[in-house]
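This report goes through the sheet, two of the helices and a few individual residues of the structure shown below.

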Amino acid sequence: MIAVLMGVSGAGKTTIGRAVAERLGWRFIDADDHHPPANVAKMAAGIALEDADRWPWLDELNRLLRGEEHAVVACSALKDAYRRRLLAGVDDWRLIFLEGSKALIASRLAARKHRYMPASLLDSQFATLEPPAQAIRIDVAAPVERSVDAVLAAIGRR
């Protein structure tokens with residue numbers, strides 16, 4: 001199974017994803033580590049990515065996922081088209097939507113420094129977000145450990 005934790009920047013994808021992967025003994029894949037340098041430079045400059053920027057990145061992640069039996073992936077996957085591209089040809093997957101209010105996410109971003117994703121791009125993240133119709137929904141207002149427990153219960157791996 002491939003468990004994809006998706007949502008806007010600051011929703012807790014990496015924190016929750018690492019903890020879920022550790023509890024399961026599965027590989028953790030942070031999609032941020034696979035952005036090409038041009039995407040990183042664009043985001044670091046406060047410029048939101050466009051679809052054309054994301055396609056090669058999503059294709060690379062898809063190639064990586066096709067070779068995995070069990071993994072937890074932290075990936076924004078904000079649009080349905082991105083999720084379809086990410087998971088094309090992957091047979092067994094669960095999509096976990098980490099959701100929270102804009103105020104909560106903004107407060108988290110204000111309290112952290114991401115290596116290239118500035119808090120100024122939060123509005124563009126919410127504008128791009130197409131909440132998935134078919135996903136496990138986790139409210140990230142809860143403490144991290146409770147969110148981890150909720151993900152594990154929802155995917156049947158408690």
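## Gly89 and the end of H4

Gly89 comes just after H4 and takes a positive phi of about 80 degrees. The model is a predicted one, and the values in this report are computed from it.

Within H4 the buried residues are Tyr82, Arg83, Leu86 and Leu87. Seen down the helix axis they fall within an arc of 115 degrees, so they line one face of H4. The cover over these residues includes S1, H3, S4 and helix H6 (122–128).

## Ala77

A second positive phi belongs to Ala77, at a value near 45 degrees, and this residue is not a glycine. Ala77 sits in the loop between S3 and H4. Its relative accessibility is 1%, so Ala77 counts as buried, the cut-off being under 20%.

## Helix H3

H3 spans residues 51–66, 16 residues in total. From its first C-alpha to its last it reaches 22 Å, close to the 22 Å expected at 1.5 Å a residue. The buried residues of H3 are Asp53, Arg54, Trp57, Leu58, Leu61, Asn62 and Leu65. They cover an arc of only 150 degrees around the axis, which puts them on the same side of H3. The face turned away from that buried side carries Ala52, Arg63 and Arg66, which are exposed.

Several elements pack against the buried residues of H3: the strands S1 (2–6), S2 (27–30) and S3 (71–74), and the helices H2 (37–44) and H4 (80–87).

## Asn62

Asn62 lies in helix H3 and has a relative accessibility of 7%, so Asn62 counts as buried. Which backbone oxygens does the side chain of Asn62 reach? One is that of Arg85, at 3.4 Å; another is that of Leu86, at 2.9 Å.

With neighbours within four places in sequence left aside, the contacts of Asn62 are Arg85, Leu86, Leu87, Ala88 and Val90. Of these residues, Leu86 and Leu87 are among the buried residues of H4.

## The sheet

The sheet is open and has 5 strands in the order S2-S3-S1-S4-S5, with parallel pairing. S2 and strand S5 (136–139) stand at the edges with a single partner strand each, so one side of each has no neighbour in the sheet. From one strand to the next, the twist averages 20 degrees.

Strand S4 (residues 93–99) and S5 run parallel and are joined by 4 bridges. In this pair, Leu98 stands opposite Ile138 of S5. Helix H7 (residues 144–154) packs on the sheet, where it touches S4 and S5. The direction of H7 makes about 165 degrees with that of S5.

## Strand S1

What is the pairing of S1 with S3 and with S4? S1 is joined to S3 by 4 bridges, and the two run parallel; Val4 stands opposite Val73 in S3. S1 is joined to S4 by 5 bridges, again in parallel, and here Leu5 stands opposite Ile96 in S4.

In a regular strand, side chains alternate between the two faces of the sheet. In S1, Ile2, Val4 and Met6 are on one side, while Ala3 and Leu5 are on the other. Both faces are covered, and these residues are all buried. With 5 of its 5 residues buried, S1 is largely enclosed by the rest of the structure.

## Thr14

Thr14 is placed in helix H1 (residues 13–24). Is Thr14 buried, partly exposed or exposed? Its relative accessible area is 26%, so Thr14 is partly exposed; the class runs from 20% to 50%.

Apart from neighbours within four places in sequence, Thr14 is in contact with Phe28, Asp30 and Ala74. With Asp30 there is also a polar contact between the side chains, at 3.1 Å. Thr14 and Asp51 are 37 residues apart in sequence, and their C-alpha atoms are 22 Å apart in space.

How values were computed: Residues are numbered from 1 along each chain as its sequence is written. This is a predicted model: local features need pLDDT of at least 70, side-chain atom pairs count only at pLDDT 80 or more; totals for chains, interfaces and linings use all residues. Side-chain values use heavy atoms; hydrogens and water are left out. The expected span of a helix is 1.5 Å times one less than its number of residues. Buried means under 20% relative accessible area, exposed over 50%, partly exposed in between (1.4 Å probe, protein chains only). The arc is that of the directions from the helix axis to the C-beta atoms. Contact means heavy atoms within 4.5 Å. A polar contact is a pair of N or O atoms within 3.5 Å; within protein, one must be able to donate a hydrogen and the other to accept it, and residues adjacent in sequence count only if both atoms are side-chain atoms. Two strands pair if DSSP finds at least two bridges between them. Axes are lines fitted to C-alpha atoms, for helices over the stretch in contact, and angles run from 0 to 180 degrees between N-to-C directions.
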